[in-house]
Amino acid sequence: MGEEMKVIVFKLGEEEYGIEVDKVQTIERMMPITRVPKTYSFVKGVINLRGVVIPVMDLRGRFGLPETEYTDHTRIIIVAVNEMEVGFIVDSANDVIDLNSDVIDSPPDVVGGIKAKYLHGVARLSEERLLVMLNLSEVLNRSEIIQLESLEG
Amino acid sequence: MDMNQYLSMFIDESNDHLQSLNENMLELEKAPDDIGIVQIIFRSAHTLKGMAATMGFEDLSSLTHQMENVLDLVRNEKLKMQDHIFDTLFQSLDALQMMVQDITQGGDGKADVQSIVASLQAIVRGEVPGGTDSNPPTQATGATAAINTGIQLDEFQHSVLEQSISEGHGVLYIEVAIREDCQLKAARAYLVFDLLERYGEIVKSHPSVQDIEQEKFDRRFSLYYITQKEASELQSMIVNLSEIESAEVMSLDHETLKQLSSEAKVAAAAETAEAPTVPASAPVDGKPAQASKPAAPDSKGTPRAGGGAAPSRTIRVDIERLDVLMNLLSELLIDRSRLEQLADEIKRSDLTETVEHMSRVGSDLQNIVLKLRMVPIDTVFSRFPRMVRDVAKSLDKKIDLIILGAETELDRTVIDEIGDPLVHLLRNAVDHGIESTAQRIAAGKPETGTVQLRAFHSGNHVFIEIEDDGGGIDRDKIVSKAVKNGVVTQSEAAAMTDEQVFMLLFAAGFSTAEVISDISGRGVGLDVVRSKIESLSGDVSVTSTLGKGTKFSVQLPLTLSIISAMLIKVGSEKYAIPLSSIVETGIIQRKQIRNVHGYTMVPYRDGNIPLLSLASLFEVSDFDEAAEEETEIVVIRKGDRLAALTVEDFIGQSEIVIKNLGKYLPPVQGVAGATILGDGQVALIVDPNAFIK
């Protein structure tokens with residue numbers, strides 16, 4: 001038996017993703033965002049989270065998915081990795097599940113168009129429910145973004 | 001007993017003592033005959049020894065003990081300070097520093113100090129490495145070396161003591177030190193006397209009982225005492241009295257008694273020998289022991305600088321707690337702005353009054369908290385004399401370091417960061433600035449070079465200047481090197497002012513040193529200095545006259561946490577521009593804008609200055625001043641260059657709390673950070689320096 005862990009489940013489009021709960025600080029409703037000029041296109045700006053200024057990124061934009069309008073379900077998941085605090089804008093976040101690390105398979109080469117390196121693995125919850133586990137340090141990796149941006153530019 | 005709670009206090013105080021030891025040693029090096037300084041050093045070392053012993057740091061206390069032995073000989077004028085003694089003592093200080101550092105980092109403060117201890121002991125024995133000492137110290141036995149020069153006894157007292165020893169009574173020589181921060185020294189001394197009188201008889205004390213009662217003594221007094229009690233027992237009894245720092249109890253026999261009293265006589269004789277130069281208005285009465293005071297601490301009446309200043313009325317506070325206080329305060333300031341806005345909208349006089357009062361209290365609170373964080377720059381400067389001494393010595397140069405304005409206060413956050421850049425600039429001045437002794441003589445300059453380190457306030461800034469009277473910077477050398485390195489072209493260089501040329505020194509990878517010496521050439525150039533200073537929102541500049549010397553001037557903000565700023569609006573976005581870089585605000589007409597060589601310029605005062613659009617610099621989508629007939633501008637300054645920024649509207653002046661943008665974002669050009677406005681929104685702080693090249 002592998003380790004039990006708690007996972008925050010959120011949605012981007014139809015796809016379900018998971019982040020280990022200990023990496024997540026809070027989940028916030030959408031709030032005013034102050035734009036920061038000349039930064040990555042998917043960085044929407046900074047927010048005031050109880051006196052702390054935190055940058056937020058649109059996770060759709062980060063994964064190269066088409067960005068959509070924000071709705072009532074839109075949430076900002078504040079994560080902290082390597083002393084970096086960042087908010088992820090996601091379509092919705094409403095579930096916490098217990099997961100055994102046994103059910104996580106290594107990532108296939110391509111899942112939903114997202115580069116496999118952002119993925120930690122895929123958890124099979126049931127026959128029809130797959131959960132994509134995010135590799136947060138890769139998602140936050142800046143050096144790779146710079147390459148990506150320069151390709152786009 | 002749990003020592004941990006005392007550990008941080010021990011570390012702080014040890015560092016203070018080490019600092020004072022270093023400073024006073026440097027003083028002493030300049031005036032080796034000043035026994036007053038030796039006294040201060042001795043006391044510091046003594047306290048350090050006591051503290052270390054209490055905390056159980058054996059190596060630390062034994063090394064200080066050896067230093068004390070040397071210092072004791074010096075202060076009793078049995079040993080003259082010499083170069084090798086200074087060097088050994090400085091080495092000891094370095095070793096002590098390392099031990100304390102080790103303890104700070106959780107170590108046990110153990111270190112191998114055998115060789116230093118051996119050389120200290122050799123000094124005590126009067127051995128001089130390489131050469132004979134013209135002034136050999138009188139022999140001192142281990143026991144007496146650590147203890148004060150007895151008290152002069154008259155014949156009667158002497159014979160009483162002699163007799164007691166013969167009769168098998170215990171004769172003790174006791175030296176008691178009362179804690180520095182003790183408020184009622186006389187009362188404490190009385191307690192000691194009271195205790196002693198219960199178990200024996202005090203034959204003689206110094207200072208006299210009368211003087212002690214009138215608090216006419218420093219923190220120490222010594223006495224001869226006859227008792228049946230054991231020395232060690234008495235010692236622990238005395239030390240157990242509150243506010244007693246230390247008690248040294250030495251049991252005497254015929255031999256040691258004679259030695260002690262004769263030493264006291266010699267010292268007293270030396271004192272009285274000086275006395276006749278002062279015309280005695282009244283004949284000295286028949287109390288030689290009183291009239292000619294023995295060379296006990298402070299008998300020379302030297303001003304007691306440093307060592308034992310008035311009991312300090314300060315407390316030490318963990319900087320993290322101050323940071324928490326600062327954060328809470330910034331929350332309060334944000335809420336205050338919000339309340340002010342609400343009161344403005346609601347327009348009820350009682351609410352408005354309350355909010356106004358709260359604003360005043362808030363500002364006062366802010367001032368106090370900022371002041372709490374202010375630290376005299378002395379804490380940084382104080383380590384430089386020693387450093388300059390060592391560097392100068394290793395380069396075989398003679399250098400005077402003059403420090404001015406060490407009391408100038410700066411925010412703790414700035415203080416913590418500014419040390420390294422200053423070290424670099426000072427080393428640079430000593431290494432490259434000041435010429436070799438031979439060169440100086442050839443140039444008709446005094447042999448000893450001077451480096452001045454100055455700090456002073458000016459407006460909202462602190463200036464730190466490092467000026468040497470060395471050879472100055474050779475413009476041509478820099479230009480040729482810069483051209484060679486491809487930093488500038490020959491024609492560009494020709495058009496540059498001297499100051500611009502000197503600024504090339506700060507370009508990355510630029511070093512003018514012909515020979516890479518031990519001091520510089522560590523791969524760290526002035527470019528690192530500049531980027532460090534700029535990261536503190538400071539600025540650095542150079543002026544130099546060939547043959548006369550060079551001056552580096554560093555400008556720093558007083559604090560990095562709260563600044564005054566002008567809030568402005570561009571489209572739907574709000575920005576804050578630091579007031580310190582704003583020259584003025586104004587309105588210009590569209591027709592005043594000119595195109596010069598493809599740059600937009602506006603007339604300002606006697607000339608034209610570049611006009612920059614904040615909206616286009618920051619790619620603001622919902623504002624375009626092109627549609628406006630009149631445009632608000634903010635004239636900003638970097639050094640002596642000006643530029644105008646167009647904005648849509650002014651919101652007003654405000655105190656803002658600087659926050660960083662979070663670790664994730666890379667540095668954004670033109671943005672110095674963020675702040676939270678009264679409505680909870682984040683506004684970016686514009687960094688005008690980035691717009692003026």
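**Helix α2 and the sheet of chain B**

Hi everyone. Let's begin with a quick check on a helix: α2(B) has 21 residues, and at 1.5 Å a residue these should span 30 Å; the C-alpha atoms at its ends are 30 Å apart, so the two agree. Please keep in mind that this is a predicted model.

What sits at the two ends of this helix? At the N-terminal end, Asp34(B) acts as the cap of α2(B), with a side-chain oxygen 2.9 Å from the backbone nitrogen of Gly36(B). Just after the helix comes Gly56(B), which takes a positive phi of about 85 degrees. In between, α2(B) is mostly covered, with 18 of its 21 residues buried.

Now to a residue you may want to find on the screen. UniProt, in an unreviewed entry, lists His46(B) under "modified residue: Phosphohistidine". His46(B) is placed in helix α2, residues 35-55 of chain B. Is His46(B) buried or exposed? Its relative accessibility is 5%, and buried means under 20%, so His46(B) counts as buried. Which residues does it contact, leaving aside neighbours within four places in sequence? They are Glu68(B), Arg220(B), Glu245(B), Ser246(B) and Glu248(B).

Let's move on to the sheet. Four strands of chain B make an open sheet, ordered β2-β3-β1-β4, with antiparallel pairing. At the edges are β2 (200-206) and β4 (244-252) of chain B, each pairing on one side only. From one strand to the next, the twist averages 25 degrees.

Looking inside the sheet, strand β1 (residues 170-178) and strand β3 (residues 220-227) of chain B run antiparallel and are joined by eight bridges. If you'd like a spot to zoom in on, Leu172(B) stands opposite Tyr225(B) in β3(B).

Helices pack here too. Helix α8 (residues 185-199) of chain B packs on the sheet and touches β1, β2, β3 and β4 of chain B; the direction of α8 makes about 10 degrees with that of β3(B). Helix α10 (residues 231-240) of chain B lies across β1, β3 and β4 of chain B, and runs at about 165 degrees to β4(B).

One last stop, further along the chain. Asn428(B) lies in helix α17, residues 412-433 of chain B. With a relative accessible area of 16%, Asn428(B) is buried. Not counting residues up to four places away in sequence, Asn428(B) touches Gly433(B) and Phe552(B).

That's my tour. Thanks for listening!

Notes: Residues numbered from 1 in each chain as written. Chains lettered and ligands numbered in written order. Predicted model: local features only at pLDDT ≥ 70, side-chain atom pairs only at ≥ 80, totals over all residues. Heavy atoms only, no water. UniProt positions renumbered as here; feature names shortened; annotations may be inferred. Helix = DSSP H or I, 4+ residues; strand = E, 2+ residues; numbered from the N terminus. Buried < 20%, exposed > 50% of the residue type's maximum accessible area, 1.4 Å probe, protein only. Contact = heavy atoms within 4.5 Å. Expected span 1.5 Å × (residues − 1). Polar contact = N/O pair within 3.5 Å; in protein donor to acceptor, adjacent residues only side chain to side chain. Pairing = 2+ DSSP bridges. Axes fitted to C-alpha atoms, helices over the stretch in contact; angles between N-to-C directions.
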